[in-house]
Amino acid sequence: MKSLAARTLGIVAMAGIAVGVAAAPAAAALDNTFELATGSVSAYGTYDRMMSIPEHPVPPIRISGTLAVNSATACGVVQVAYNGPTDGIEWRTFGTLCGKGKTNYTTTSNLLFGGFQPAVRLCKGTTVKKAERGTACDTYMPAAN
């Protein structure tokens, strides 16, 4: 026969396991972080849907995070997709860094035509202009709602 303390500890332990298992899917569903890397350049951050009220409308997407370059001869740019003039996708740069170091970035964006969430990409090059050409990139595509 187990003592009262041993039985109580067993019940508390099982309750803790049940709560932990039930809470895990909710935490995974709320994950809005991303990590991108290409060569010696990396970026990580959050991709948030924002709420708007009619009195103070705001763009529905907020992207923020950190851009890091681990090479003295590399530049990195963080870009967000937007609708181009002929219904094509174009990229707007909102974070840049050349040489070793880190910098923070933040931007807001509207949805693309059709209600799609815009992608975020990280590109590298030897200059900002070369990085913006988009030849060496890693792209984050948000999950469809």
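This passage describes the strand pairing, the disulfides, a salt bridge and one buried serine in a predicted model.

The sheet considered here is open and has four strands, in the order β5-β4-β7-β8, with antiparallel pairing. The edge positions are taken by β5 and by β8, which spans residues 137-140. Each of these two strands has a single partner, so one side of each is left without a neighbour in the sheet. From one strand to the next, the twist averages 25°. In general, the strands of a sheet pair through backbone hydrogen bonds, in either a parallel or an antiparallel sense.

Within this sheet, strand β4 covers residues 75-83 and strand β5 covers residues 89-98. The two run antiparallel and are joined by nine bridges. Among the bridged pairs, Cys-75 is matched with Cys-98 of β5, and Ala-81 is matched with Trp-91 of β5. Strands β4 and β5 form a hairpin, with five residues between them. In the turn of this hairpin, Asp-87 adopts a positive phi of about 65°.

The disulfide count comes to two. A disulfide is a covalent bond between the sulfur atoms of two cysteines. One of the two joins Cys-75 to Cys-98, with an S to S distance of 1.9 Å. Cys-75 belongs to strand β4 and Cys-98 to strand β5, so this disulfide ties together parts that are 23 residues apart in sequence. Cys-75 and Cys-98 are thus linked through their sulfur atoms and are also bridge partners across the hairpin strands. The torsion about their S-S bond is about 115°, so the disulfide is right-handed. Cys-75 is buried, because its relative accessibility is 3% and the buried class lies under 20%. Cys-98, in contrast, is partly exposed, with a relative accessible area of 41%.

The other disulfide is formed by Cys-123 and Cys-137, whose sulfur atoms are 2.0 Å apart. Its S-S torsion is about 105°, so this disulfide is right-handed. Cys-123 lies in strand β7 (residues 120-125) and Cys-137 in strand β8, so the pair ties together parts that are 14 residues apart in sequence. Cys-123 has a relative accessibility of 0% and counts as buried, whereas Cys-137, at 28%, counts as partly exposed. When the bonded cysteines of the chain are numbered in sequence order, the pairing reads 1-2, 3-4.

The salt-bridge count comes to one. The side chains of Asp-48 and Arg-62 form this contact, with an N to O distance of 3.5 Å. The pair links distant parts of the chain, with Asp-48 in strand β2 (residues 41-49) and Arg-62 in strand β3 (residues 61-69), 14 residues apart. Asp-48 counts as buried at 15% relative accessibility, while Arg-62 is partly exposed, with a relative accessible area of 37%.

Ser-109 is located in strand β6, which comprises residues 101-109. The relative accessible area of Ser-109 is 7%, and Ser-109 is therefore classed as buried, the limit being under 20%. Leaving aside residues up to four places away in sequence, Ser-109 touches Pro-59, Pro-60, Ile-61, Val-80, Ala-81, Arg-92 and Pro-118. Among these contacts, Ala-81 is the residue whose bridge partner in β5 is Trp-91.

Terms used: Residues numbered from 1 in each chain as written. Predicted model: local features only at pLDDT ≥ 70, side-chain atom pairs only at ≥ 80, totals over all residues. Heavy atoms only, no water. Pairing = 2+ DSSP bridges. Buried < 20%, exposed > 50% of the residue type's maximum accessible area, 1.4 Å probe, protein only. Contact = heavy atoms within 4.5 Å. Axes fitted to C-alpha atoms, helices over the stretch in contact; angles between N-to-C directions. Disulfide = S-S within 2.5 Å. Salt bridge = Lys/Arg side-chain N within 4 Å of Asp/Glu carboxyl O.
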